[in-house]
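I opened this notebook to record what I looked up, strand by strand, in a structure that was new to me. The entries follow the order of my reading.

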Amino acid sequence: MSGAHVVRAVCTVLVTTTVATPVSNATRTVKVVMDDRKPNGNQWDEVDGSDPEPYVIVDGHSYRDDRCKDTKTCAFKVVEKGRLAITVKDADLGDDDDAGSTTCDAGESCRTKGATVIVVD
Ligand SMILES: [Ca+2]
Ligand SMILES: [Ca+2]
């Protein structure tokens, strides 16, 4: 007779750790889709008839340096939290064209007078 085998049940304790999200570094994406024309019916860039250079101001923070060139759509990584106060503009050599303002929260699609803004969380 062979020796008895003792089978031990091994209990594995799974330790779950909660990894904190670094909220201060999190970014959200704000997408802008400019209307075909300015609210007054004129082309965005009347001098050369080109598409606009869209950018946003979020809670007073200008993202003009991140503007897109000759396009109606643009996306911005923003650091602001909560419901956002968003102003949309078209960067020009002279005065920038105003595309209006709105407030918009994550998951929402909101209208200004000249553009649609979408806040992607
Ligand atoms: Ca313009
Ligand atoms: Ca342009």
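Entry 1, a pair of strands. I looked up Leu84 and found that it stands opposite Cys104 in S6. The model I am reading is predicted. S5 and S6 run antiparallel and are joined by six bridges. I then followed the chain between these two strands and noted a hairpin of six residues that joins S5 to S6.

Entry 2, the other partner. I found that S5 also pairs with S2, over five bridges and in the antiparallel sense. Within this pairing, I recorded Thr87 in S5 as the bridge partner of Ile57. I next asked how many of the seven residues of S5 are buried. The count is five, so S5 is largely enclosed by the rest of the structure.

Entry 3, the open sheet. I traced four strands that form an open sheet, in the order S4-S1-S8-S7, with antiparallel pairing. Which strands lie at the edges? They are S4 (73-78) and S7 (109-111), each of which pairs on one side only. From one strand to the next, I noted an average twist of 20°. I then examined S7 and S8 (residues 115-120), which run antiparallel and are joined by three bridges. There I found Cys110 with Val117 in S8 as its bridge partner.

Entry 4, the core. I looked up the largest nonpolar core and found that it has 17 residues. Those with the most contacts inside this core are Val30, Val32, Val56, Ile86, Val88, Ala115 and Val117. I noted that S1 (28-34), S2 (54-58), S4, S5 (84-90), S6 (97-104) and S8 each supply at least two residues of the core. I chose Val88 for a closer reading. Setting aside neighbours within four places in sequence, I found Val88 in contact with nine residues listed here by name: Val32, Pro54, Val56, Ala99, Gly100, Thr112, Gly114, Ala115 and Val117.

Entry 5, two unusual backbone angles. I kept in mind that most residues other than glycine have a negative phi. Asp59, which is not a glycine, has a positive phi of about 50°. I located Asp59 in the loop between S2 and S3 (61-62). Asp59 is partly exposed, since 15 other C-beta atoms lie within 10 Å. I found a second positive phi, near 50°, at Asp70. Asp70 is in the loop between S3 and S4. Is Asp70 buried or exposed? I recorded Asp70 as exposed, with 11 other C-beta atoms within 10 Å.

How values were computed
Residues are numbered from 1 along each chain as its sequence is written. Chains are lettered from A and ligands numbered from 1 in the order in which they are written. This is a predicted model: local features need pLDDT of at least 70, side-chain atom pairs count only at pLDDT 80 or more; totals for chains, interfaces and linings use all residues. Two strands pair if DSSP finds at least two bridges between them. Axes are lines fitted to C-alpha atoms, for helices over the stretch in contact, and angles run from 0 to 180 degrees between N-to-C directions. A nonpolar core is a set of buried Ala, Val, Leu, Ile, Met, Phe, Trp, Tyr and Cys residues joined through C-beta atoms within 7 Å. A residue is buried if 20 or more other C-beta atoms lie within 10 Å of its own, exposed if 12 or fewer, and partly exposed in between; C-beta atoms are placed from the backbone. Two residues are in contact if their C-beta atoms, placed from the backbone, lie within 7 Å.
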